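Student: Please take a close look at the charged side chains here. Start with how buried or exposed they are, then move on to the strands around them.

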Amino acid sequence: MTTRRNVLKGLVAGGAATLMGQSLFAKAAQAATSSQGTWHVTGSHWGAIRALVKGGKVTDVQPLEDDPYPTDMIKGIKGIIYSPSRIKYPMARADWLDNRENADRTTRGDNRYVRITWDEALDLFYEELERVQTTHGPSGLFAGATGWRQTGLFHTCINHMNRAVSMHGNYVRKVGDYSTGAGQTILPYVIGSTEVYAQGTSWPVILENADTVVLWASDPLKNLQVGWTCETHESLPYLDELRDKVAAGEIRVISVDPVRSKTQKHLNSEHLYVNPMTDVAFMLAIAHTLYTEDLHDKEFLDIYSLGFDQFISYVMGEGEDATVKTPEWAAEICGVPAEEIRSFARLLASGRTQFLFGWSLQRQQHGEQPYWMGTILASMLGQIGLPGGGVSYSHHYSGVGVPQTGANMPGAFPLNLDLGKTPKHDLHNYKGASNVIPVARWVDMLLNPGDKIQYNGHEVTYPDVRMAVFTGCNPFHHHQDRNKMRKAFRQLETVVAIDFAWTATCRHADLVLPACTQFERNDMDTYGAYSNTGVVAMRKLVDPLYQSKTDYEIFTGLTDRFGRAEEYTRGMTEMQWLRQMYDTTKAANDGRFEMPDFDQFWEDGMVRFQRGENWVRHAAFREDPEINALGTPSGFIEISSRTIEKFGYDDCGAHPKWMEKAERSHGGPNSDRFPIWLQSCHPDQRLHSQMCESDEYRATYAVQGREPVYISPEDAANRGINDGDIVRVFNDRGQLLAGARVSEDYPQGVVRIHEGAWYGPVDASIGALDTYGDPNTVTMDVGASKLSQATSANTCLVEIEKFEGVAPPVTSFGGPIEESL
Amino acid sequence: MGIVGAAKGFWRTLRKPPATISLGVLSVGGFITGIVFWGGFNTALEVTNTEAFCISCHEMRDNVYQELQETVHWENRTGVRATCPDCHVPHEWTNKIARKMQASKEVWGAVFGTINTREKFLAKREELARHEWARLSANGSLECRNCHDYDSMDWDKMSDEAVFYMRPAAELNTGCIECHKGIAHHLPERSADSSPVVAALEGRAATSLSDGQDYFAYRPVTVFAGEDMAEPAGQLNLAARIEVLETKGDKVHFEMKAWRKDKGYGRVLYDDFGLNARVAVLEKEAAQNAELVQAGTPRNDDNTGLDWSQVTVKLWAAADGFVADDEQLWDVAAESYSSSCSSCHAQPDPDHFSTNAWPALFAGMVGFTNMDATEQELVLTYLQNHSSDNSESH
C-alpha cells in the first residue's frame, strides 16, 4: 500500500530523512501570503495547524499537511477564539465587590457580574491574598487545582499562577488527578510505576508480535485525537494497520466493554460484553480458569512476582469469604456466560496476548482492583516484558507507543520560586491541617474542615480554606456532584478564576480575569508528548481579544503589587523567554539532534527529528529483574501487597477482591430505583470541557441544543423516548436535560453522556435543573477507596424520562448578565 | 672539547685559589657580580612571569590560552583581565621560586613533546589540572583571593541563587577552587559520563581523600576487587557513601556498609534495611565473593516477606570520583528536581512519599523530563534520602 506515510517512512529508513524531511517541511511551512490572507503554523492539543489570518482575524484553520490523521475537532478551533462565551473584561460579583468575605454567598452561581478595570481587579486579587494570608495563614488558601491548560510551554498558565501566588505566600495544594487517580496510586505497589503516564511498547512491535490484543475499556481512536502537548497523531495510522491485520486474520482484537466502542467498530473487531463495574469478578474467574486448567506460567510467577499463593487461595475459596471464584460464580455478576469466560481465558493463554487498558475502568469505586487484576492476569500469562505481550495502561493517551526520538524538549516557564527566594509571607503554620489534599477530595475538604481521612497509608486533615484560585482548569466540569459542589462553594469567601471563557467555574467565582487564548500569544510546544517528534513554533495569530491579557502579563501585574514583578519575569519579555528556552534546548541537543537557530525555527514553524527506535515495556525487568528491579516495595511484581495489607483498609486489601459497589446496575444495589448505569467517559468531540463553547462545532453534535445522551433502543422504547427527544436524566443527587441519541452500540441499562458538557443550571439554587447536560450533575462524589481517594465518576445510576413541556433555554454559554454599579 | 670541556674549564678556574687579586677586590667584585647576577635572575624571572612567555610554547597557546579567552576572566564589563601568571604564579617570593622549580618539569615536557599535540594534551589534561587544583587547594585558593575575597563581597548585590551557594562557603572559608574548577579552562573530559549534573559537581570533587573519612560518589564510580584495578567488580551509584581505608596515589581502598536482598544474586546493594535506595551494583562474581563481600545474618522484611542481609564490602576505585559532603549532591539534585518536574505540575515535596514509593512514582513520570540516566539516578536518590522515612512532617 503506497500511502504518503509509507513514503515518509521510506525516507526515514533511507537515512537522508532528517535533512530531506526538514527541507521539505521548511518549504511548506513558510508563511504563505495571498489575497486571502496569511497562513501561519501553530500547535494545539488537537494537532499542528495552519491558520489563515486576514484583517486581524482568523478566517480558516486547517490541519498541517504533516498530520497523518487529523482530527475533526480542528473545525472547532476558530469557534474557541470567537466564542460568545469569551470573557471580555475583568468582572466581579456585585455583592462580593461591596462586602467581600461578608457577602451573600447563596447567590453564587446566579451569573450576575459587574465590570471592573484591570487595575481594580488586580488590586482586589492582591488585597484578598493579603487578607487571607495575614488572617488565616497558608491553610486558608487553596490554589492547587490544575487541569488541561491550553498548550504552549512558556504560557502554561498553571506555572504562571503557581509562581506568582507562591511569591506571595504558601497555600494548600493537591496530589493526583481526575483522570487516573486510582490507577496511579495502586500500580506503583503492584508493578512499580504509575504506568498510566508511562511510554508503552512501540506499536510496530505489537503489530508484529501479538496474536491477541485485548482492548479493555479502552477506546484509543476516540482518545488519541488529543494530546497533552501538540499532538502528532502518529499513533493513529497504527490502528489502521491493526484493522488490516484483523481483516487478514493475523491478530484477534477483543474489546471488553459494556458498549461497542468507536475503536471496535473501526477495527471491525470482536466484542465481549461485561456488565458495568463487574470486571473484577470476570477477571477473578479468568484467573480461576488459568489456574485450574494449569494454563498459568509458574516459572514467571516464581521468578518475577511475590504473593501469588495468597491471591490464588482467595480465588480458590480459601479466603474469608469462602467463595470459589468459578466462572459460574462470576457469570451471575458480570453477565458473561461461564463457558465464554473459560474460552476467553484459554484464548489469552493460547498465544502472545497484549492487554491495553483504558482509564474509565479505574474512575469508579474500588477502581484500584481491576487495574491490579490486569497485572495479575498478565503475570499468570507470563508475557510481561515480551514484545507484543504483557499489560499497558496508556496506549490510548497522547501518542504512547510511538517510538521516542530521544531529543531534548524545551522546558517551561518556571512554576517554582527561583532558588533562594521565599514568599512575601513565608508562613508555614497550617494549624494542624495537611498542606496537600488528594485532588478529588477538595470539595469534601471545603465542607468538613478539620475532618480526618485515610489516604495512601497516612492521615490527611482537612484545612479550613477561605479562598481558592483556579486557572487553566474547570472544576465545575471535572469534579463530581454539582449540588454538593454548590453547597461547598458557599463556604468559600473568595474565589478567583482566570480563564478565557465563561466556564461554570468562572460563574461560581467572585473575581474573574480574562486571559487570552493560546492563539493570541507567542509560544512553542513539544510536538508529540511521548514521541518528542519535534518542536512546534506557536506564532501569535491575532492580538488578545477584548481586554484579555496573557497570563504572563496578568501575573506580572499581580506580583508588581508586592514588588516582585522583576523577579517574576526575570526581566525578560515573552520573546526573550522563547529565545532562551529554544537556545537551551538547542544546546542540550547539540551533537545529537540538529536544530536551526531560533529565527530560522520561528520562520519554519517547526523542527522535526528522526523517529526513535522500537521499544518494549518491562523488557529490561524481564531480562534482569535484580538489576532492573521494579519500583514496588520488593522490586518484583506484587500480586499480593503486604504494604497495602498493613494499611488495614476495608476497601483495598492485600490483593484484589470483588467488592460490591455503593450502587450498580444489572441487579446491583439501588438498581431497583435507578436501573441505568451512566458512563461519563472522555468526549469524542471535545477535550474534556474545552471546545464545548465553540458554538458552530457544538451544533454538529448537540441534540436540540443539548448534550447527547446515548441510549439503547430497548431503554428508549420502554420509556417512550425517540431519537432527538429532550430527556431528563436524574437521581437523588441531581437532574439534567440532554438530547436522546438512540444507538445500537449501547446495551440495555447503559447510557453515556460525555464528560465536559458545560453545566448550565436554571438558577443559583442547590438542586437546580441543568439545562445542557453535564453528567457530573448526577455523579457521586466519594473516594474510590482509602488508598487513592480518587474520583468514582463511573459509579453512577440514573433514571431517564422524556421531558414534557417547554424545555428551559440552555444557560451554559454566552457571557454573564452584566449589572451596573 | 665542546660544551662539556668548556664547562669543566670554567669550574676549574672558579675553584682555583686566588693568587694575584686582593681580598678587597674579591669581596667588592663578588658583591657587584652578585648584584648583576641577582638582577639578571630577577629579570629573567620576571620575563617568565609574563603572558607572552607562557604562550611562547604552543602547548599553552593552542590549548589553555584559547580556552581562557572564552571566559569572564579574559573579557568582562569592567575591563579587568587575569592573565596566566595572575592565577598560576604565586605572588609571594618563596612560593614563586618553589613553583618555578616545579615548572621546570613543564619545560622538560615542552622539549620532549609530552603534550605537543591536542590529543596528547587532552589525554594529559586531567593530570595537569590535578596538580594545579591540589596546589590551589593547599594554599586556600590564594591566587583567586588576591582579587576575590569573601570579606569584600556585597551580599545584597548578589542573586539569591549565588547567595544560596556562597554563604555556607564563606562561613567555612572554603577555597574558591573547591567549587569553581574549570572556571578559566575546560575541565578534563570524562568520556564515560557527560551528564550535566556530573559536570556541575565536577568542580566540587574532593582533591584528596583522608583515611578514615566518609566520602560520597558524585558520578558513577567503577569499583575493583584489587589494587591493580584490573577487573571491574561493579559500580557505585551517585551519592554512595564510602569510608576511606587508605589511598595509594590516585587510587582509594574503601569500605562500604550496605544491605542486600537474598532473592537473586545479591548484586544490588542498598543503603539501609528494607529501603530500596540503591548504593551500588556489583558484578555477579564479586557479589558472591565472600572475601570482598561479608554478609551478616538474614533478617526478614515484613513489608515484602523478603530476607535482607547486611554486608560489608572492601573495594578499590579511582580516588577522583568523590565529594566530601553529600549536601553538595543534594543541592544539585534539588535544583534539577525543582526545575525538571514542574513543567507540567507542581512537584510534590520529597517527604510526601516514602523511600520505597519514590522509585515507582519517579519511573512513571521521568519520561516527560530531559534528565539523562545519571541525572535520574541522582534525583531519585535525593528524593529517597529526603523521603517521609527521613522526615517527621508527614
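Tutor: One cut-off first. A residue is buried under 20% relative accessible area and exposed over 50%; in between, it is partly exposed. Keep in mind that this is a predicted model.

Now apply the cut-off. B:Glu283 has 39% relative accessibility, so it counts as partly exposed. B:Glu283 sits in the loop between strand 7 (275-282) and helix 11 (284-287) of chain B. It belongs to a patch of negative charge on the surface. The other members of that patch are B:Asp228, B:Glu231 and B:Glu285.

Next, opposite charges. Side chains of opposite charge can pair when their charged atoms come close. Over all chains, the count comes to 69 salt bridges. Three of them, in chain A, are worth going through.

Take A:Glu128 and A:Arg100. Their side chains meet in a salt bridge, with N to O at 3.0 Å. The two residues are 28 residues apart, and the pair links distant parts of the chain. A:Glu128 is in helix 5 (residues 118-136) of chain A. A:Arg100 is in the loop between helix 4 (94-99) and strand 6 of chain A. Are these two partners buried or exposed? Both A:Glu128 and A:Arg100 are buried.

Then A:Asp444 and A:Lys484. In this salt bridge, the closest N and O atoms are 2.8 Å apart. A:Asp444 lies in helix 18 (residues 442-447) of chain A, and A:Lys484 lies in helix 20 (residues 482-489) of chain A. The pair therefore ties together parts that are 40 residues apart in sequence. A:Asp444 and A:Lys484 are both buried.

Last, A:Asp715 and A:Arg719. They form a salt bridge, and the closest N and O atoms are 3.5 Å apart. Here the cut-off separates the partners. A:Asp715 has 3% relative accessibility, so it counts as buried. A:Arg719 has 21%, so it counts as partly exposed.

Some salt bridges also share partners. One network formed this way joins A:Arg100, A:Glu101, A:Glu127, A:Glu128, A:Arg131, A:Asp464, A:Arg466 and A:Glu493. A:Arg100 and A:Glu128, the pair at 3.0 Å, are among its members.

Back to A:Arg719 for its setting. A:Arg719 is in the loop between helix 29 (713-718) and strand 27 (726-730) of chain A. A:Thr779 is 60 residues from A:Arg719 in sequence. C-alpha to C-alpha, A:Arg719 and A:Thr779 are 22 Å apart in space.

Strand 27 of chain A leads on to the pairings. Strands of a sheet pair through backbone hydrogen bonds, either parallel or antiparallel. Strand 27 of chain A pairs with strand 28 of chain A in the antiparallel sense, over five bridges. The two form a hairpin with four residues between them. In this pair, A:Arg728 has A:Leu737 in strand 28 as its bridge partner. Strand 28 (residues 735-742) of chain A also pairs with strand 26 (residues 708-711) of chain A. That pairing is parallel, with four bridges. There, A:Tyr710 has A:Arg741 in strand 28 as its bridge partner.

Strand 6 of chain A, which follows the loop of A:Arg100, is part of a sheet too. It is an open sheet of seven strands, in the order 7-18-19-20-5-6-31 (chain A), with mixed pairing. Strand 7 (141-142) and strand 31 (817-819) of chain A stand at the edges, and each has a single partner strand, so one side of each is left without a neighbour in the sheet. Strand 5 (residues 91-93) and strand 6 (residues 112-115) of chain A pair in the antiparallel sense over three bridges. A charged residue appears here as well: A:Arg115 in strand 6 stands opposite A:Met91.

Chain B gives one more case. Strand 5 (residues 251-261) and strand 10 (residues 307-318) of chain B run antiparallel, joined by eleven bridges. B:Lys261 stands opposite B:Trp308 in strand 10 of chain B. B:Trp308 is also the bridge partner of B:Arg299. Strand 9 (residues 299-300) of chain B joins strand 10 of chain B through two bridges, running antiparallel. Strands 9 and 10 of chain B form a hairpin with six residues between the strands. In that hairpin, B:Gly305 takes a positive phi near 85 degrees.

Notes:
Residues numbered from 1 in each chain as written. Chains lettered and ligands numbered in written order. Predicted model: local features only at pLDDT ≥ 70, side-chain atom pairs only at ≥ 80, totals over all residues. Heavy atoms only, no water. Pairing = 2+ DSSP bridges. Patch = residues over 30% accessible without salt bridge, like charges linked within 9 Å, V, L, I, M, F, W, Y side chains within 5 Å. Areas by Shrake-Rupley, 256 points an atom, 1.4 Å probe, with all protein chains shown as cover. Salt bridge = Lys/Arg side-chain N within 4 Å of Asp/Glu carboxyl O. Lys, Arg positive; Asp, Glu negative; His and termini not counted. Charge placed at Lys NZ, Arg CZ, Asp CG, Glu CD. Buried < 20%, exposed > 50% of the residue type's maximum accessible area, 1.4 Å probe, protein only.
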